[in-house]
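These are my notebook entries from going through one structure, item by item. I set down what I looked up and what I found.

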Amino acid sequence: MGGGRGLRSKNSYPVLASRPVGQIISKIYKDRIRSFYSPGQYEKHNLLAMMYEGIASGEPAIKLSVWDAPGQERPTFQEATKNEFRNTGVGHSFGPSWSTHWFRVAITVPESLRHKEHLELHWDADTEGMVWSQDGQALQGLTGGGERIEWILPASFRDGREHVIYIEMACNRMFGNSPGGDIIQPPDPNKYFTLKKADIVAVNLEARALYIDIWIIGDAAREFPEDSWEQHKALKTASDVIDSFKLGDKESIAKCRRIAQEYIGPNVDSHKVYSAGKDIKVYGIGHCHIDSCWLWPWAETKRKVARSWSNQCDLMDRYPELNFACSQAQQYQWLKQLYPNVWDRVKSKVRAGQFQPIGGSWVEHDTNMPSGESLVRQFVYGQRFFENHFGQRSQTFWLPDTFGYSAQLPQLCRLAGMNRFLTQKLSWNNINKFPHTTFNWVALDGSQVICHMPPSETYTAEAHFGDVRRSVSQHKSMDQDATSLLVFGKGDGGGGPTWQHLEKLRRCRGIADQVGLLPRVHMGNTVDEFFDFLEPKAGGFVTWYGELYFELHRGTYTTQANNKLYNRKSEAMLREVEWLATAASLKDSSYKYPKADIDAMWESVLLCQFHDCLPGSSVEMVYDDSDKEYEKVFQTGERLLKDIRKVLGVSDLRASLQNSVAINTLPWHRKELVNISNDEVGVACGEGQFLAIRPFKMVEEQPAVTVEEVRKGVFVLQNDQLRVEVEGGCVTSLYDRVTKREVIEKGGKANQYVIFDDKPLYWQAWDVEVYHLETRQELPCGETTISEKKPHRVSVATKIQISDASSIKSTITLSAALKGVQSWVECHAEVEWHEKMKFLKVEFPVDVRSTEASYETAFGIVKRPTHYNTSWDMAKFEVCCHRFADLSEHNYGVSILNDSKYGFATTGNVMRLSLLRAPKAPDAHADMGTHHIRWAILPHQQSLSHTTIRAAFAFNQPLRAVASSPDVSRLVAAGGGGANPIKLLGDPNLVLDTVKRGEDDEDVRPGDEDVGGNLPKRKGRNVILRIYDSLGGRGRGTVKTTWAVRAVFKCNLLEDDLEEIPLRGDGEFDIELRPFEVASYRLAL
Ligand SMILES: [Zn+2]
């Protein structure tokens, strides 16, 4: 025995330590990982140096020629490719912004690359683009700027011959053409883009796979907690991989990957990684949010759709696990019309179940401002499109990016065949954190939907390790259910999932199965299946009642005033067109209900309600487009109304008072002053389609309304009900002569214009921040004069200087009070507006005390606090209203009506209507120019009641006199009964809002398959009525009609029958609605 032999242990563990071994120093080893796969000083020596096995640039491999489309035209493939192309090459520049350039790309794969495993064309001009085949098939979109720059060469290109493709270059980036890094700055019209890269590249696929391996293992090393063994193992594995790498040695890559498998498992190279393992926590859903307009116009969106969706079809071929949820029927329609070959590819992927139409709406629309009926039509046009083309309706309302969610949406969803709702925008709240991830969201009427807000707090996740992790760590409803959706893919400007996203998710799943700790992510399920899993548990989910108020973007109720005015006007016009066209089509069978025209009008209005259009958050060119769209709507509407009037026996021709009637679609008794001509006014009175007009002067011999200057600069306007004192341009007293009550707070000044500094933290067009309130300044008034003094109406006018450039001509008007009709004070402002980052409002300090104010919303009322007790109350310092806001105490209140505004605030007893903003981004000229705005102060007895509802309708749909035929005159003279085909009697809280023909009526539906051609037609003629309770009380009523109704059914918004309603012999039927119910009825004739 001697030497070391005697120290040998019985097993292989040596007795003597052979060398010192140190512990990994975590921070240094973590930092080392990135330098293994990042550009920079090591890029020629690290993994990046082995990504490509060969690159061919320039001629003869790539021959380039180009044709520049003129101006901002976006020609089709056929139009573009018949032009003469000129030679060009890498390094050349193309522009200006929004122009289009078509490249002919002649590709000859050189011998040196012909036998490489995987060849791609890499094309990067920093712009979006589309790859087209030589015969005009749109193949795949390109993003630029290093993202999605590759197109895989088909095997047929390896034959040594020249092959031609075309690339359509759009001179914009994914987020438009902002001049620098701040995407919301107004676009630079003169940007040029350099073609930086046009190469044939042979890719080392194993190196590429290792790149993703090490990225994700590195994330685990960096992001898992250091008190977990899983973190330490990740760091050790990453370190071993890097140690094993040998530059230039393909074998070492294979070895590195084997080491990586110890952490990510052996199955990450195919979709089979998803076939093992249970206890799924996170369901990955590919998605591509394409704003239908935003920092680019609609015309560009049409191309974004084709680019993004063709990419997805391509990825689906290579990644069978990819499930892609895709919303907005409008975008499908664009694709169908403009890109038939992509449309066919999409349809086949829909059939295969991978491409999943979702959302049930025409566009992803704003929900704060559209009327109830507009929200209905978003669903009607959306669901019909999906059903017509894909044979199924959506079950999930999908609205990840809209700026707040109005209170009746759950009810409307349920009535449109959807019981699920997905959003996540409330994660942007900048005051309070929304407390739930998965919950039941309850409408004003009690209807509920299951709502899920992905805990990764994005709809454009990059499918990072961290996104998967946050899907559990930020989940707020795990008491009830810990699963969630991970909505991933490039978005806002389009794009969708990339191959990198899918590769990363495979590795995340591999980690969950191999080492654990990371929540198990799954691919291959649909959004509907995710909700199917939730549904059995929904009974135990927490609830959220009423609106999902978004604590940000409050400026969007006001920005882009014209758009909002046009929205309101077109909604009122469509209501009138449909109502009267229905009556006309049933009166005269030779008149065809203009369904195609009405569809076109609705589709325009619905498109303009997109969540960056109506809210005012788009660039200037979008509003040039939407102005034209609305112009078309109004022209079509006027044409239709002219035709309808002819059928109904009236005409637009100026008439004398004797042969005038007022045309009416409001379903209650009305009595209003109507202008016949400049000097003649009448009183329209009655109910039904035509109201008789009698001379005003014949009913009132005494002056019914007066104005006088009682002291210097102090004016009193007075009628039988109200006495208005105006001093310094403001209403200093509004005295209700009937109830003997002062309406204005003592010492207060109503109709006082106030201006605020308006510089939000970042999102100019979107946000007004709470601190703007501290900068309130009253605008001083100039001289007031009597501007109108007629027997039926008097006015005083005041000029108000805002600045050297901006001013207001403010008019306060009082009309004669009509017996039985609540009188109001009408205000008009003609604003010349040229401000920078200012907010103009008008305020009304009223002598009413209440801790809650009421605001009209779609099909109902929302109550919001008038105080700042909690941060949740305070967050509502600026809120959305429709035609009125109301502050009432027991037995008395004041409503402020408006014709085109949506922003309001009530603080204490001060009601404040928001008028105009002046943001400079993304539209540098938003709202500059002249505006005409109307509103009214309506004091009323009792609390909020049908008095306000009806006044708000009338204020937005004033009666118009038309010349009547002798027939109509006789009918009206005889009491009008025969001219009133439909009536709703009963509780005054019920509103008969919509009268239209059935969508599928065989005699009205256009033949075009776009608008329902594949859906079954309905025999006979049908009339659809929409009735809602407007005040939050149970309502009973009776519908009476002169039409020959055979049967009546209660139906849903999509006009499916729910139940038959007993019909009495005289064409009457009874209805009963629960509080805030929206009820639809189908009258079968
Ligand atoms: Zn969006």
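Before placing anything in a numbered helix, I note that helices here are DSSP runs of H or I with at least four residues, numbered from the N terminus. I also keep in mind that the model is a predicted one.

**Entry: Glu631**

With that convention I looked up Glu631 and found it in helix 16, which covers residues 620–648. I asked whether Glu631 is buried or exposed, or something between. Its relative accessible area is 42%, and because buried means under 20% and exposed over 50%, I entered Glu631 as partly exposed. I then checked a distance from Glu631 to Ser570, which is 61 residues apart from it along the chain, and the two C-alpha atoms are separated by 9.7 Å.

**Entry: the annotated span and Gln560**

I looked up the UniProt record, where an unreviewed entry lists residues 551–630 for "domain: Glycoside hydrolase family 38 central". In the model this span is 65% helix and 0% strand, and its end C-alpha atoms lie 30 Å apart.

I next turned to Gln560, which sits in the loop between strand 22 (543–545) and helix 14 (561–587). Its relative accessible area is 7%, so I recorded Gln560 as buried. Which residues does Gln560 touch, when those up to four places away in sequence are not counted? I found Gly616, Ser618, Tyr623, Asp923, Ala926 and Asp927. With one of these, Asp923, there is a polar contact from side chain to side chain, at 2.9 Å.

**Entry: the zinc ion**

I asked which atoms coordinate the zinc ion. The donors are NE2 of His289, OD of Asp291, OD of Asp401 and NE2 of His611, at 1.9 to 2.1 Å. Their spacing in sequence reads H-x1-D-x109-D-x209-H. Two of these residues, His289 and Asp401, link distant parts of the chain, being 112 residues apart: His289 is in the loop between strand 13 (282–287) and helix 6 (298–318), and Asp401 is in the loop between strand 16 (396–398) and helix 10 (409–415). I found both His289 and Asp401 to be buried.

For the geometry, I first reminded myself that four tetrahedral donors have an ideal angle of 109.5 degrees. The angles among the four donor atoms of the zinc ion run from 88 to 161°, and the site is classed as irregular. The upper value rules out the tetrahedral label, because that class needs all angles to lie between 85 and 135 degrees. I add one caution, which is that water is not among the atoms, so sites may look incomplete.

**Entry: aromatic pairs**

How many aromatic pairs does the structure hold? I recorded 51 aromatic pairs. I looked at Tyr37 with Tyr211, an edge-to-face pair at 5.4 Å centre to centre with 80° between the planes. This pair links distant parts of the chain, since Tyr37 is in helix 1 (residues 26–37) and Tyr211 is in helix 3 (residues 205–223), 174 residues apart. Tyr37 has a relative accessible area of 5% and is therefore buried.

I also looked at Phe434 and Phe439, whose rings are tilted, with 5.3 Å centre to centre and 50° between the planes. Phe434 and Phe439 are both buried. Beyond pairs, I noted one aromatic cluster, whose members include Trp309, Tyr332, Trp343, Trp362 and Phe390.

**Entry: backbone checks**

I looked up cis peptide bonds and noted one joining Glu59 and Pro60, with omega of about 5°. Pro60 lies in the loop between strand 1 (52–57) and strand 2 (62–68). Another cis peptide bond joins Gly95 and Pro96, with omega of about 0°, and Pro96 lies in the loop between strand 4 (93–94) and strand 5 (100–108).

For positive phi, I noted Asp492, which is not a glycine and yet has a phi of about 80°. Asp492 is in the loop between strand 20 (484–488) and helix 12 (499–514), and at 15% relative accessible area Asp492 is buried. Asn891 also has a positive phi, near 80°, in the loop between strand 43 (884–889) and strand 44 (892–898). With 46% relative accessibility, Asn891 counts as partly exposed.

Methods:
Residues are numbered from 1 along each chain as its sequence is written. This is a predicted model: local features need pLDDT of at least 70, side-chain atom pairs count only at pLDDT 80 or more; totals for chains, interfaces and linings use all residues. Side-chain values use heavy atoms; hydrogens and water are left out. Helices (H or I, at least four residues) and strands (E, at least two) are DSSP runs, numbered from the N terminus. Buried means under 20% relative accessible area, exposed over 50%, partly exposed in between (1.4 Å probe, protein chains only). A polar contact is a pair of N or O atoms within 3.5 Å; within protein, one must be able to donate a hydrogen and the other to accept it, and residues adjacent in sequence count only if both atoms are side-chain atoms. Contact means heavy atoms within 4.5 Å. UniProt positions are given in the numbering used here, feature names are shortened, and annotations may be inferred rather than shown by experiment. Donors are N, O and S atoms within 2.8 Å of the metal (3.2 Å for Na, K and Ca); water is not among the atoms, so sites may look incomplete. Four donors count as tetrahedral if all angles lie between 85 and 135 degrees; four count as square planar and six as octahedral if opposite donors are over 155 degrees apart and all others between 65 and 115; anything else is irregular. Rings of Phe, Tyr and Trp (its six-membered ring) pair if their centres lie within 6.5 Å; planes under 30 degrees apart count as stacked, over 60 as edge-to-face and the rest as tilted.
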